[in-house]
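Reader: I am new to this structure and would like a close look at one part of it, namely the space enclosed inside and what surrounds that space. Please take me through it slowly and in connected steps.

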Amino acid sequence: MKRFVITEEDRKHIMGLYEQLALLNIDPKNIYFGSGDNTKQIKLKAVNPETNQPLILKYNVMGKFGFANFGVHIRRIYRESNGAISAQVLPDSALGKEALKLIPEKFKSPDGWLNIEIPGKKIFEAISQLIKNKGDQANLDAGHGVVIKLTVANT
């Protein structure tokens with residue numbers, strides 16, 4: 001019989017994979033999207049129906065406009081009763097800020113953040129992408145030519 005030594009880092013990685021698989025097997029309408037204000041991460045949260053334990057996956061948020069990729073801050077994110085997500089995003093680079101100028105003012109908050117609303121159908125498609133690629137990454141079409149790219153966060 002062989003014995004394996006698993007380091008604490010390995011254990012955390014294995015548990016993280018388990019949480020990813022468990023969360024991504026939950027009905028997408030029962031997955032909560034959340035974030036703190038002015039952060040670069042989004043959290044997917046749900047309750048494991050087998051253990052009643054909370055499951056949380058963190059994803060880094062990036063923006064894309066045309067061919068330009070850039071970091072974004074996100075705030076005021078919430079999931080509406082119809083499954084859509086509403087939030088405000090703000091690019092953190094000069095390139096992203098230039099792209100933001102191309103979007104009409106009516107889609108921005110008074111302090112210049114881009115208001116986005118992503119329909120529930122697109123959220124379900126993104127969760128399907130996460131399921132297909134084992135939780136690695138997904139793209140959310142936020143409208144106005146903006147794509148929100150989710151990539152799994154290590155912390």
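Author: The largest share of the lining of the largest cavity, 3 residues, is supplied by helix α2, and that helix is a good place to begin. The model is a predicted one, and what follows should be read with that in mind. The space in this largest cavity comes to about 80 Å³, and the structure holds 2 cavities of 30 Å³ or more.

The wall of the largest cavity is made up of Phe65, Phe70, Val72, Val89, Pro91, Gly96, Ala99, Leu100, Ile103, Leu114 and Val146. Two or more residues of this lining come from each of β4, β5 and α2. By kind, the lining residues divide into 10 nonpolar, 1 polar and no charged.

Which residues of α2 are buried? In this helix, which spans residues 94-101, they are Gly96, Ala99 and Leu100. Because these residues cover an arc of only 105 degrees around the axis, they lie on the same side of α2. Gly96, Ala99 and Leu100 also appear among the residues that line the largest cavity. On the other side of the helix, Ala94 and Lys101 are exposed. The cover over the buried residues of α2 includes the strands β3 (54-65), β4 (68-79), β5 (85-91) and β6 (114-118).

Beyond the helix, the loop between α2 and β6 holds Ser109. Ser109 counts as buried because its relative accessibility is 8%, which is under the 20% limit for that word. If its neighbours within four places in sequence are left aside, Ser109 is in contact with Arg75, Gln88 and Asn115.

The second largest cavity holds about 60 Å³ of space. Its lining consists of Ile42, Val61, Ile74, Ile77, Ile85, Ala87, Ile116, Ile118, Ile123, Leu140, Ile148 and Leu150. Here the elements that give two or more residues are β4, β5, β6 and β8 (146-152). The lining residues of this second cavity divide into 12 nonpolar, no polar and no charged.

Two residues of that second lining, Ile116 and Ile148, lead on to the nonpolar core. The largest nonpolar core has 34 residues, and of these Phe33, Ile116 and Ile148 touch the most other members. Strand β4 gives the most to this core, with 5 residues. Apart from neighbours within four places in sequence, Ile116 is in contact with Ile85, Ser86, Ala87, Val89, Ala142 and Ile148. Of these partners, Ile85, Ala87 and Ile148 are also found in the lining of the second largest cavity, while Val89 is found in the lining of the largest cavity. As a general background, nonpolar side chains in soluble globular proteins tend to be buried together.

Strand β4, which has now come up in both linings, also contains Arg76. The phi angle of Arg76 is near 50 degrees, a positive value in a residue other than glycine. Arg76 counts as partly exposed because its relative accessible area is 48%.

Another positive phi, near 60 degrees, belongs to Asn52, which is likewise a residue other than glycine. Asn52 is found in the loop between β2 (41-47) and β3, and it counts as exposed because its relative accessibility is 59%. The loop between β2 and β3 also contains Gln53. With a relative accessible area of 47%, Gln53 is partly exposed. Leaving aside its neighbours within four places in sequence, Gln53 is in contact with Ala46, Val47 and Asn48.

It remains to set this part within the whole. The protein has 3 helices and 8 strands, and along the sequence they follow the pattern α-β-β-β-β-β-α-β-α-β-β. Of its 155 residues, 37% are buried. Among contacts with a separation of 6 or more, 50% are accounted for by residues 24 or more positions apart.

How values were computed
Residues are numbered from 1 along each chain as its sequence is written. This is a predicted model: local features need pLDDT of at least 70, side-chain atom pairs count only at pLDDT 80 or more; totals for chains, interfaces and linings use all residues. Side-chain values use heavy atoms; hydrogens and water are left out. Buried means under 20% relative accessible area, exposed over 50%, partly exposed in between (1.4 Å probe, protein chains only). Helices (H or I, at least four residues) and strands (E, at least two) are DSSP runs, numbered from the N terminus. The arc is that of the directions from the helix axis to the C-beta atoms. Contact means heavy atoms within 4.5 Å. A nonpolar core is a set of buried Ala, Val, Leu, Ile, Met, Phe, Trp, Tyr and Cys residues joined through side-chain atoms within 4.5 Å. On a 1 Å grid over the protein atoms alone, a cavity is a set of points where a 1.4 Å probe fits but cannot get out, and a pocket is an open set with protein on both sides within 12 Å along at least five of seven lines; lining residues have an atom within 4 Å of a point. Grid points are joined across faces, edges and corners, and a volume is the space filled by probe spheres set on the points. Ala, Val, Leu, Ile, Met, Phe, Trp, Tyr, Cys and Pro count as nonpolar, Asp, Glu, Lys and Arg as charged, and the others, Gly among them, as polar.
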